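User: I should like to learn how to read the features of a protein model one at a time. Please give the general idea wherever there is one, and then the case at hand.

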Amino acid sequence: MFAGKHTYNILSSDPDAIMPLLFADFDLSFSKNVEKGDIIIAGENFGCGSSREHPSVGLAFAGVKAVIVKSVNRIFYRSSINQGLALLVHREAVESYRPGDKVIISFDRGEIIVGSRKFYFQPLPEKLKQIIDNKGLINYLKLQ
């Protein structure tokens, strides 16, 4: 998601510098095509690797609404929440996705719609929703 060779040259607090390199080893056009509100569908152990903070900073900065995964690296999950990026672990929803399917998430209802199929998850706790709504843990804590 963010090549380890860049982690010491680019600060994790510099989202403008992170964006052009985000997913660059997989898709050079990702940073140009990602849009606010996008939902990413991903596979196993999402967020594993040497750089776990840079990708979560970049995805949150880009305005990605959520990442739905089969499984997630625990440290990456924590970093994502700290940045206000929602991660949902839902294997069935990921496996049902086909390119072109519309994906809708309701955090309040605990619902994912993939194409014409509905999947359910435990609705997010209120404080976690507030962290995500406030674009990260630091912003949330400033309001307390």
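User: Which residues does Phe23 touch, not counting residues up to four places away in sequence?

Analyst: The model is a predicted one. With residues up to four places away in sequence left out, Phe23 touches Met1, Phe30, Phe46 and Leu59.

User: What form does the aromatic pair of Phe23 and Phe30 take, and are the two residues buried or exposed?

Analyst: The structure holds three aromatic pairs. That of Phe23 and Phe30 is tilted, with 4.6 Å centre to centre and 55 degrees between the planes. Both Phe23 and Phe30 are buried. Ring pairs also bring in Phe26, which is linked with Phe23 and Phe30 into a cluster.

User: How should one read the largest nonpolar core, and which of its residues touch the most other members?

Analyst: In soluble globular proteins, nonpolar side chains tend to be buried together. Here the largest nonpolar core has 21 residues, and those touching the most other members are Leu22, Phe23, Phe30, Phe46, Leu59, Val64 and Val67. At least two residues of this core come from each of H3 and S2. The element that gives the most is H3, with three residues. Another core, of 19 residues, lies apart from it and includes Ile68, Ala93, Ile132 and Tyr140.

User: How is the sheet that contains S1, S2 and S3 arranged?

Analyst: Strands of a sheet pair through backbone hydrogen bonds, either parallel or antiparallel. In this case three strands make an open sheet in the order S1-S2-S3, and the pairing is parallel. Strand S1 (39–41) and strand S3 (86–89) are the edge strands, each pairing on one side only. From one strand to the next, the twist averages 20 degrees. Three bridges join S1 to strand S2 (residues 66–69) in the parallel sense, and Ile41 has Ile68 in S2 as its bridge partner.

User: What is the order of the strands in the sheet of S4, S5 and S6, and why is one side of S4 and of S6 left without a neighbour?

Analyst: The order is S4-S5-S6 in an open sheet of three strands with antiparallel pairing. Strand S4 (103–106) and strand S6 (117–120) stand at the edges with a single partner strand each, so one side of each has no neighbour in the sheet. The twist in this sheet averages 15 degrees from one strand to the next.

User: How do S4 and S5 pair in detail?

Analyst: S4 pairs with strand S5 (residues 111–114) over four bridges in the antiparallel sense. Val103 has Val114 in S5 as its bridge partner, while Ile105 stands opposite Ile112 in S5. The hairpin of S4 and S5 has four residues between the strands, and in it Gly110 takes a positive phi near 70 degrees.

User: Is Ile105 buried or exposed, and which residues does it touch?

Analyst: Ile105, found in strand S4, is buried, with a relative accessible area of 5%. Not counting residues up to four places away in sequence, Ile105 touches Ile39, Lys65, Ala66, Ile68, Leu88, Glu111, Ile112 and Phe121.

User: Where does His90 lie, and which backbone atoms lie by polar atoms of its side chain?

Analyst: His90 lies in the loop between S3 and helix H5 (91–96). His90 is buried, with a relative accessible area of 10%. A polar atom of the His90 side chain lies 3.2 Å from the backbone nitrogen of Ala93, and a polar atom of this side chain lies 3.0 Å from the backbone oxygen of Tyr120. Its contacts, not counting residues up to four places away in sequence, are Ile68, Val69, Ile112, Phe119, Tyr120 and Phe121.

User: Which residues of helix H4 are buried, and what covers them?

Analyst: An α-helix has 3.6 residues a turn, so residues three or four places apart point the same way. In helix H4 (residues 74–83), the residues Phe76, Ser79, Ser80 and Ile81 are buried. Their cover includes helix H3 (53–62), S3, helix H6 (126–133) and helix H7 (137–143).

User: What is found at the N-terminal end of H4 and just after H4?

Analyst: Asn73 caps the N-terminal end of H4, with a side-chain oxygen 3.0 Å from the backbone nitrogen of Ile75. Just after H4, Gly84 takes a positive phi of about 85 degrees.

Key: Residues are numbered from 1 along each chain as its sequence is written. This is a predicted model: local features need pLDDT of at least 70, side-chain atom pairs count only at pLDDT 80 or more; totals for chains, interfaces and linings use all residues. Side-chain values use heavy atoms; hydrogens and water are left out. Two strands pair if DSSP finds at least two bridges between them. Axes are lines fitted to C-alpha atoms, for helices over the stretch in contact, and angles run from 0 to 180 degrees between N-to-C directions. Buried means under 20% relative accessible area, exposed over 50%, partly exposed in between (1.4 Å probe, protein chains only). Contact means heavy atoms within 4.5 Å. Rings of Phe, Tyr and Trp (its six-membered ring) pair if their centres lie within 6.5 Å; planes under 30 degrees apart count as stacked, over 60 as edge-to-face and the rest as tilted. A polar contact is a pair of N or O atoms within 3.5 Å; within protein, one must be able to donate a hydrogen and the other to accept it, and residues adjacent in sequence count only if both atoms are side-chain atoms. A nonpolar core is a set of buried Ala, Val, Leu, Ile, Met, Phe, Trp, Tyr and Cys residues joined through side-chain atoms within 4.5 Å.
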